[in-house]
Amino acid sequence: MIAPKFVPFILKQIIRHRARTLLTLGGVATAMFLFVAVQSMQRGVAIATEQSAGDNTLIVYREDRYCPFTSKLPEHYLPKIERIAGVKAVVPMKVVVNNCRASLDVVTFRGVAVDRFVEQNESNFQFIGGSLADWRKRSDAALLGETLARRRGLKVGDRFDAAGVVSYVAGIVRSDEPQDQNVAYVHLDFLQQTVDRKLGIVTQFNVKVDDPKKMNEIAAAIDAEFRFAEQPTSTRPEKAFVAQAAADMIELIGFAKYLGIGCLVAVLALVANAIVLSVQDRIKEHAILQTIGYDSSLIGRLIITEGVMIGVIGGMLGTFGALAVIEWGQYSLSIDGLSIPIQAGASLVVSGLAISIVLGVVAGLVPAWQASRRSIAACFRAV
Amino acid sequence: MRLLPFEYAVRNLGRSPLRLVMSVAGSALVVLLMIAASAFVRGMERSLADSGSPRNVILLGAGSEESIERSEIKSSVPTQAIASLRGIKSRLGQAYVSPEIHMALTVGIAREEQSTSQVVVRGVEFSAFLVHPQIRISEGRMFQPGNNEIIVGKLASTRLSMSEQHLALGKTIWFDDKAWTIVGRFEAPNTVMDAEIWAPLNDLKVSAKRDTISCAVLTLADGGELEDVSAFAASRVDLEIVAMSESEYYRKLIAFYQPVRMMIWVTAALIALGGIFGGLNTMYAAFASRIREIGTLQSLGYSRRAIVVSFVQESTLAAAAGALFAAAISLILFDGLAIKFSMGAFDLRMDGAALATGLAAGLILGIIGALPPALRCLHMPITQALKAA
């Protein structure tokens, strides 16, 4: 590394060609912006689909179906599921979306049996506005996830009209669960009567189990129970269900990683280009530096630090820019009523910074090596 | 104004082969991406826009205007529409009314091997061919109701990520826990139907255990009006249906995908912006090293404007070469490429507009990349420029 006394010298070198430096920073920031956006999507997929040891929710869906329009299970399956050994609690749920297709602004209503839902989820929610009591009181009341409320600009007391359902915003909640952030919870009977004009049919059952280690065993027992029923079921852990239902979307996001790699290559090329050009401009200066006693290793390190600084400043501009846009937009990709949140976070800032440093070092290596190997006489002759 | 010879710009390009390669490659990359983004968006829009006919009206469940798959109406609606409406087209006594079920289902080559991708399975009667004249059976024959036979669209294999062999005539596929035999293949170019599977309406009803249909599509006769059908839908409150033009339905689907299209354009624009930053940087360096040459040209009598024009020619030539290269590559790689996206599939369209978008981006890249550095270099007084290192 270099001594701190050289930092002002390097900064002066960077701002010497203001236009060129700004262009380089702009390019690096743009590429890092895209990289962080892609990483945020990948992170969202991981959060929504990767199971952890504590996950204990199973989703019971109609066999061979993923779209909530086509999964129709009789509500009377409920007591049979509850009787299965290892099942702690069951919440019947009707899911209504404006469209099963994938997009960024899909609204998902989840109709839930109020008492059962409150009993199971009260502790998961942190109320930002309204209250559970308000939600219980009105039959058309909706409990909105924070992301959905922010995206649609809704507050407590507003009327919310989407997917053919008109509801009253009784509460806005914050939750760690990705699937809670982008939905509107309403009363089950209200949604059934509004959409189907009849009671008794739900889209899925959310089942909590006693022991997370027995998830697969219990899922098999549920499916065996309804194997010969009119509507056979398919039961999977919640995150595995999301992974399978949103497989198309996840595949598409997987492809985006190549775009992320391309962005990093672009950062490398931009920083390297800037350093090469600036080193070419300063060959004579390097000769003078060597004449007054700077050794070749120090000159090399000064050049590498210059690359790191450009990489870090541009990288931070892009990273924070992406974070601001993602935070402000509260985007999530939705398919079949399931959400994959686009989420950035502190870890992405740290990795963005680390990548910028590494790319800055790599970009400066070759010009630094060339500059440090050049003899004083050759430097003076080169001009 | 006396311009510099065109050859001056051309020869200057060869002065630094590495810089030329970088400029051409950078421009090619940006243009390739712009063409791909444009082809994707246009292919998706076209497949939706061409799917609807302005003379077709869809009767579907109230509140399900955004998605037919969600709609459920009584099976008697088509008959009631025929009995009540006068403006429906008919031929040899056969009304152009098609009762249909649209379901998004997973499909597999065996009972236990279901694809994770969903495909739209459409249950239809023979009248579907009257209201959807875009459909052509390209291989095999039409299904016979009652035998669990199906016909599959040309892009269904893309949609399901299956090989064509698995969807060949005579093969069996599984959906809804039943085996279905493929007896025909159809084409409906540039429409969503191209990626669908069609089954007999009643067979699908039995299999899905439903007694409702998703919608009824009817074709208006000359003089028939959408308003008449809307009035029928509004007057039959008991049926809980609405009438909408088929074109309008697909227009709304295009609007539904607006955020996705925006995301694609923003990504392409950001990459183009990165390309412009990189290009400008390279040009700044290229022109800055020629300050003395610029001073010489000015002292020879060439105006600043003529020098700028020559620099823009130089930059535009490199960018245009990259753009043409990208256009050729995209025609080879992308044209007609089937893409699956969100319950459907469509062909990438390498049409005039997509190519024009890419080429325009290349030219803009060339002009914007040269102007600011050229103008900056020309600010210097001639005497100072001639003294520059």
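**Strands around β10 of chain B**

I began with strand β7 (residues 136-140) of chain B in this predicted model. I found that β7 pairs with strand β10 (residues 178-187) of chain B in the antiparallel sense, over 4 bridges. Within that pairing, I noted Gly184(B) in β10(B) as the bridge partner of Gly140(B).

I then looked up strand β8 (residues 149-153) of chain B, which runs parallel to β10(B) and is joined to it by 5 bridges. Here I recorded Ile151(B) opposite Gly184(B). Gly184(B) thus appears in my notes as a partner of Gly140(B) and of Ile151(B).

I next took strand β9 (residues 172-175) of chain B, which pairs with β10(B) in the antiparallel sense over 4 bridges. The partner of Thr172(B) in β10(B) is Thr181(B). I noted that β9(B) and β10(B) form a hairpin with 2 residues between them. In its turn, Asp176(B) has a positive phi of about 55°.

**A hairpin in chain A**

I turned to strand β13 (residues 332-335) of chain A and asked which of its residues are buried on each side. On one side I found Ser332(A) and Ser334(A), and on the other Leu333(A) and Ile335(A); all are buried, and both faces of the strand are covered.

β13(A) pairs with strand β14 (residues 338-341) of chain A in the antiparallel sense, over 4 bridges. I recorded Pro341(A) in β14(A) as the residue opposite Ser332(A). The hairpin of these two strands has 2 residues between them, and Asp336(A) takes a positive phi near 55°.

**Helix α8 and Thr219 of chain B**

I listed the buried residues of helix α8 (residues 246-256) of chain B: Glu246(B), Tyr249(B), Tyr250(B), Leu253(B) and Phe256(B). Viewed down the axis of α8(B), these residues fall within an arc of 100°, so they line one face of the helix. I noted that an α-helix has 3.6 residues a turn, so residues three or four places apart point the same way. Among the elements that cover the buried residues of α8(B) are α2 (17-49), β1 (56-61), β13 (215-219) and β14 (241-245) of chain B.

From strand β13 of chain B I selected Thr219(B). I entered Thr219(B) as buried because it has 24 C-beta neighbours inside 10 Å, where 20 or more suffice. Leaving aside neighbours within four places in sequence, I found Thr219(B) in contact with Arg55(B), Asn56(B), Lys89(B), Tyr96(B), Leu130(B) and Val131(B). I also looked up Pro54(B), which is 165 residues from Thr219(B) along the chain; their C-alpha atoms are separated by 9.0 Å.

**The nonpolar core**

I found 223 residues in the largest nonpolar core. Those with the most contacts inside it are Ala142(A), Ala184(A), Phe205(A), Val31(B), Ile35(B) and Leu59(B). I followed Ala142(A) further: not counting residues up to four places away in sequence, it touches eight residues that I list in part, including Phe160(A), Tyr168(A), Ala184(A) and Val186(A).

**Where the chains meet**

How many residues of chain B are in contact with chain A? I recorded 38 residues of chain B in contact with 37 residues of chain A. On the chain B side, the elements giving two or more residues are β5 (97-110), β6 (113-124) and α9 (258-288). Of these, α9(B) gives the most, with 14 residues. By class, I noted 17 nonpolar, 14 polar and 7 charged residues on this side.

**Confidence**

I closed with the predictor's scores. The complex has an ipTM of 0.76 and a pTM of 0.79. Chain B averages a pLDDT of 88, and 98% of the residues score at least 70.

Technical notes
Residues numbered from 1 in each chain as written. Chains lettered and ligands numbered in written order. Predicted model: local features only at pLDDT ≥ 70, side-chain atom pairs only at ≥ 80, totals over all residues. Pairing = 2+ DSSP bridges. Contact = placed C-beta atoms within 7 Å. Nonpolar A, V, L, I, M, F, W, Y, C, P; charged D, E, K, R; others polar. Core = buried A, V, L, I, M, F, W, Y, C linked by C-beta atoms within 7 Å. Buried ≥ 20, exposed ≤ 12 C-beta atoms within 10 Å, placed from the backbone. Arc of directions from axis to C-beta. pLDDT = per-residue confidence, 0-100.
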